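User: I should like a close examination of a single part of this complex, set out as one connected account. Please concentrate on how the secondary-structure elements of one chain pack against one another, and add context from elsewhere only at the end.

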Amino acid sequence: MLLIHCPYCVDTLPELEFAYAGEAHIARPANPMSQSDEEWRDFLFIRSNPRGLHAERWRHIHGCGRFFNALRDTVSDKFSVTYKAGRPRPDLEKAVQVPK
Amino acid sequence: MTHFSALSLLKNALTGNKNWTEQWPDAQPKKEYDVIIVGAGGHGLGAAYYLAKEHGITNVAVIEKGWLGGGNTGRNTTIIRSNYLYDESAKLYDHALDLWDNLSTELNYNIMYSKRGVMMLAHNVHDVQSFQRHIHSNRLNGVDNRWLSTAEAKAFCPPLNVSPDARYPVMGAALQMRAGTARHDAVAWGYARAAAKRGVDIIQNCPVISIRRAADGSVDGVETAKGFIRAKKVAVSAAGHTSVIMQSAGVKMPLESYPLQALVSEPIKPVFPCVVMSNTVHAYISQSDKGELVIGSGTDQYVSYSQRGGLPLIEHTVAAICEVFPIFNRMRMLRKWGGIVDVTPDRSAILGKTPVKGLYVNCGWGTGGFKATPGAAHLLAWTVAKDEPHKLNAPFTLERFTTGRLIDEAAAAAVAH
Ligand SMILES: Cc1cc2nc3c(=O)[nH]c(=O)nc-3n(C[C@H](O)[C@H](O)[C@H](O)COP(=O)(O)OP(=O)(O)OC[C@H]3O[C@@H](n4cnc5c(N)ncnc54)[C@H](O)[C@@H]3O)c2cc1C
Ligand SMILES: [Zn+2]
């Protein structure tokens, strides 16, 4: 079971309290009317799906109820960091060794 | 290699089974092939077989990072059925069912296809309506699927708990009689053997690191752990790892990779006559010929390449099984495992050409592509050989995510194998 740190509750809690909510930092287009079909495709459907560090949203559904973001390694499933929604993605790439 | 027959069995039995030859040679890569297939799962091996058999293209390599059949082909719960809602899917999966029918004879390899019937349980009004809609739509497509009352469901599968105060009451079920199971490893081995016999090289323990493109943008070959191998046509059939490989050719995919888990019990005498699926409570069960109960669950919630998955999901699945089949609640489970499944936004596969000349992709089969194995393989071979899709896979393009012409089995079924 994953142990996940909620940055609002400042507590590390079992996965069962949380709901995964997809890749993070995919911003809704500011001006939907001017989007091309390709831009809509990228926004709606294309996902980075990396083997390595993944920025993703989680929601503390059985706790504070709030959304936050996390960087997690998709090979080891280990979390590197969780951070509040609205914050930019922390630049860990240089610091963290990504196993291949 | 030896042709399997009653006579060859007898002959080898009399000589102490010491004279069987290897089923396929362990090939080392040549410098160049006409076609390279990335991934030796059932789909990739089958595609190589059909390329050789139906299109006369035998200078083919199937390149596998681990051992053949070690991906989802060897990890799945082997449910085979074709009662999908939309016309495109029903035709595609029914094409596969037609091929399953004769596959053991065709490959001279017993793949143990058993048409024991797949029964899908309805636990609430929504399930009843949705399954009946599937049944009507299937009938229009000539796909076998029928409605069973609660009593009929119980008669078809005696271990089922149909008590009205059950936690998951059974309000009826949809039954496809042509559906069933097959021996997953045998499918990979049978295709591998039949493809190798026709001259295909099967190269194991050789990860494809990236796809190399020529100056004009078309495919030039693949970089592998055993060096560069040239080919003007490359077909990627790598299930959960497709995004990573396609990325190396500059193609971003509408895919996410999730762990999907399964488990088996200790072996017991035959007690379970069919396959039962319960999409609502996420539990899928059948009994193997060895006697083990084979139990499948839903995907874990987060993307991962770990081939592991979390225990909470197993607990949830087993709890559901014990509610629906209380007879099993003191059984011991022997082992559990996970595979990495590639899920598309509409839960339909992608099988066709890509924006890169000479690059083809077969992926997005997610939690339910074992049943499609012969069909997908056959259509991938066609698409690669003719450089255009067969009419059955023509709707399953990558472009549908740009045009919006989705085949939305996700909305139709929520989740299903
Ligand atoms: C637990 C579980 C239960 C399932 N239950 C069912 C079911 O009941 N019914 C059903 O129809 N489907 C089921 N599925 C789905 C089904 O297993 C798959 O859709 C199907 O087997 C896919 O076949 P494939 O040949 O495309 O993929 P795979 O068998 O996964 O083959 C892909 C191959 O590509 C190789 N590969 C990956 N990356 C590289 C690389 N870089 N270089 C070289 N090789 C590479 C992999 O090692 C792998 O062997 C289940 C899946 C799982 C995990
Ligand atoms: Zn919280």
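Analyst: The account below concerns the packing of helices and strands in chain B, followed by a short note on a sheet in chain A.

The model is predicted. For the complex as a whole, the predictor gives an ipTM of 0.92 and a pTM of 0.96. Chain B has an average pLDDT of 96, and 99% of its residues score at least 70.

A suitable place to begin is helix α6 of chain B, residues 184-197, which packs with helix α3 of chain B, residues 87-107. The axes of these two helices lie 10 Å apart, and the angle between them is about 50°. Because of that angle, α3(B) is classed as oblique to α6(B). The handedness of the α3(B)/α6(B) crossing is left-handed. On the α3(B) side, the residues that meet α6(B) are B:Trp100, B:Leu103 and B:Leu107. Their counterparts in α6(B) are B:Val187, B:Gly190, B:Tyr191, B:Arg193 and B:Ala194. Sorted by class, this contact comprises six nonpolar residues, one polar residue and one charged residue.

Helix α6(B) also has a crossing with helix α2 of chain B, residues 42-55. Here the axes come within 8 Å and cross at roughly 30°. The angle therefore makes α2(B) roughly parallel to α6(B). This crossing, too, is left-handed. From α2(B), the contact draws on B:Gly42, B:Leu45, B:Gly46, B:Ala48, B:Tyr49 and B:Tyr50. From α6(B), it draws on B:Ala188, B:Tyr191, B:Ala192, B:Ala194 and B:Ala195. The class composition is nine nonpolar and two polar residues, with no charged residues. B:Tyr191 and B:Ala194 appear in the contact with α3(B) and again in the contact with α2(B).

The strands of chain B provide a second theme. Eight of them form an open sheet of mixed pairing, in the order β5-β6-β4-β13-β14-β15-β12-β16. Its edges are β5 (146-148) and β16 (333-343) of chain B, each of which pairs on one side only. On average, and with direction ignored, neighbouring strands of this sheet are turned by 20° against each other. Within the sheet, β13 (residues 275-278) and β14 (residues 283-287) of chain B run antiparallel and are joined by three bridges. In this pair, B:Ser278 stands opposite B:Ala283 of β14(B).

Two helices pack on this sheet. Helix α4 of chain B (residues 125-140) touches β4 (118-121), β5 and β6 (173-176) of chain B, and its direction makes about 150° with that of β5(B). Helix α8 of chain B (residues 311-324) touches β4, β12 (256-265), β14, β15 (293-299) and β16 of chain B. The direction of α8(B) makes about 125° with that of β15(B). Strand β4(B) is thus listed among the contacts of α4(B) and also among those of α8(B).

For context, chain A contains a four-stranded open sheet in the order β3-β4-β5-β6, with antiparallel pairing. Its edge strands are β3 (19-23) and β6 (79-84) of chain A, each pairing on one side only. Neighbouring strands are turned by 30° against each other on average, direction ignored. Strand β5 of chain A (residues 67-73) pairs with β6(A) in the antiparallel sense over five bridges, and A:Leu71 stands opposite A:Val81 in β6(A).

Definitions and conventions: Residues are numbered from 1 along each chain as its sequence is written. Chains are lettered from A and ligands numbered from 1 in the order in which they are written. This is a predicted model: local features need pLDDT of at least 70, side-chain atom pairs count only at pLDDT 80 or more; totals for chains, interfaces and linings use all residues. Side-chain values use heavy atoms; hydrogens and water are left out. Axes are lines fitted to C-alpha atoms, for helices over the stretch in contact, and angles run from 0 to 180 degrees between N-to-C directions. Angles under 35 degrees count as roughly parallel, over 145 as roughly antiparallel, 65 to 115 as roughly perpendicular and the rest as oblique. A crossing is left-handed if the near helix is turned anticlockwise from the far one by less than a right angle, and right-handed if clockwise. Contact means heavy atoms within 4.5 Å. Ala, Val, Leu, Ile, Met, Phe, Trp, Tyr, Cys and Pro count as nonpolar, Asp, Glu, Lys and Arg as charged, and the others, Gly among them, as polar. Two strands pair if DSSP finds at least two bridges between them. pLDDT is the predictor's confidence in each residue, from 0 to 100.
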